[in-house]
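Trainee: Could you take me slowly through one part of this structure, the disulfides and what surrounds them? I would like each term explained as it comes up.

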Amino acid sequence: GDILDDYLRTDGVWILTRNKQFYTANNERECAEKCEAERNLTCRAFLFTRKKLQCLTLAENAKMTVAFASTDAVLYEKRIYLIQCKRGIGTDYRGTEAKTQRGIPCQKWAVKTPHKPNYTPEKYPNAGLEENYCRNPDADESGPWCYTTDAAVRFDYCDIPDCEDQCMQCNGEDYHGEVSRTESGLECQHWDAQEPHMHGFILKHYPEKDLRMNYCRNPDGELRPWCFTTNPNKRWEYCNIPRCTTPPPVSGLESQCLSGKGEDYRGRIAITDSGNACQHWNTQFPHKHGWIPDRYPCKGLEENYCRNPDGEKKPWCYTTNSSVRWEYCTIPPCDRTQQGIAGMNNVPVQAPLTEECYRGKGQSYRGTASVTVSGKKCQAWSSMFPHTHTKTPDKFPDADLRDNYCRNPDGDSSPWCFTTDPNTIWEYCDLKRCDDHTQK
């Protein structure tokens, strides 16, 4: 297959790393070959710039360092270093688990104390024996293992979940696996517990979200599954759930015309109602946005085609006009008679565009942001836990108080929410004012 199939591509992103090597390359495939042949470092990713034809092989990926926007750059991350589960007996496992199944920290493969190892990076250069990560250099049938830091226990196996049982489709909204550690290795707090973190994500408030045990879940439309952690100093964190290799089940036929709100529209119209050309989804110019195709694999964000990834009233796109952030598109209806009847109902749409910013005071903001300026998750508006309040959907029917999304029902200075932290009643949300680059 194509050498790039082993990499996850993200356009318009640059990551900061000191451990890198510079090369020239005519294209991404040549750069990938440099990464595969790299001997100066363990190449986990590479950056390629189209204009300068510059290739940087990197020892770190976006999970390990800071990323920021860079229009001309393309980031390719090796998929094998993004997967935190094992396939088969895990000889190709390259995750970062560094504790045994009994919780004993692993000994570094390159050191000789407390145990003198038979398997070292020098003897087995292709086995991924980095740091003290769990590995399976001898194809042990029981899976990845490590030498331990306990002088009384030479080695032990690691608790690495099977990929077949632990993958997610799309953004993990329907993930029902049993991963219960965060991406940094922290144990998840049970959903029905309020220690060390009190919160409002309780089964009775989210009965359809399968909030069982302490398994990672995505009950609030986050980028991927997450959980509250058992570390008092880390309230919540994402979990590293691999994407399934099989395609998600098709919910319906992909439509070339407008049916309903057009969420299943997969046609090729790429111009807005007013005639503006659409911006490509995988670019961040002229408008920066969060609808990156690799992050939302089930939304059909191809090329610059009009789409409806967020439940808007009809397909839309960001425009190539720097003064017009986004606009609706005109998509021919599948059934004009049916559309006419639907139009006569005159039902107000309650799901406007998910934007990364708000206008004015944000009273019209209808995005799905649900995190405050200090990183706290929002409490559902219909919930009275951990905070009782009067800002309920029935009392503010025009404020779109859905789920736990940031809103401004009372004319405050910007969108806000009640938080799931019992010690903080409410906070403003982590949102910027549209096109106001001076606002913090």
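Mentor: What follows is a close look at the disulfides, and after them at a side chain beside one of these links.

This is a predicted model, in which local features need pLDDT of at least 70 and side-chain atom pairs count only at pLDDT 80 or more, while totals for chains, interfaces and linings use all residues. Residues are numbered from 1 along each chain as its sequence is written, and side-chain values use heavy atoms, with hydrogens and water left out.

The structure holds 13 disulfides, a disulfide being a pair of cysteine sulfur atoms within 2.5 Å. One of them is formed by Cys 106 and Cys 146, whose sulfur atoms are 2.1 Å apart. The link of Cys 106 and Cys 146 is left-handed, with -75° about the S-S bond. Cys 106 lies in the loop between β5 and β6 (145-147), whereas Cys 146 is in strand β6 itself, so the pair ties together parts that are 40 residues apart in sequence. The strands and helices named here are DSSP runs numbered from the N terminus, where a helix is H or I with at least four residues and a strand is E with at least two. Cys 106 is buried, with a relative accessible area of 3%, and Cys 146 is buried too, at 0%. Here buried means under 20% relative accessible area, exposed means over 50%, and partly exposed is in between, using a 1.4 Å probe and protein chains only.

Another disulfide is formed by Cys 257 and Cys 334, with sulfur atoms 1.9 Å apart. With 105° about the S-S bond, the link of Cys 257 and Cys 334 is right-handed. Cys 257 belongs to the loop between β9 (236-238) and β10 (316-318), and Cys 334 to the loop between β11 (326-328) and α3 (336-345), so this pair ties together parts that are 77 residues apart in sequence. Cys 257 is partly exposed, with a relative accessible area of 22%, and Cys 334 also counts as partly exposed, at 39% relative accessibility.

A further disulfide joins Cys 378 to Cys 417, with an S to S distance of 2.1 Å. The torsion about the S-S bond of Cys 378 and Cys 417 is about -75°, so this disulfide is left-handed. Cys 378 sits in the loop between β12 (357-358) and β13 (416-418), while Cys 417 is in strand β13, so the pair ties together parts that are 39 residues apart in sequence. Both Cys 378 and Cys 417 are buried.

Now turn to Asn 404, which lies in the loop between β12 and β13. Asn 404 counts as buried, at 1% relative accessibility. A polar atom of the Asn 404 side chain lies 3.0 Å from the backbone oxygen of Cys 378. Leaving aside neighbours within four places in sequence, Asn 404 is in contact (heavy atoms within 4.5 Å) with residues including Phe 201, Tyr 206, Asp 220, Cys 378, Gln 379 and Trp 381. Cys 378 can therefore be viewed from two sides, as a partner of Cys 417 in a disulfide and as one of the residues that Asn 404 touches.

Methods:
Polar contact = N/O pair within 3.5 Å; in protein donor to acceptor, adjacent residues only side chain to side chain.
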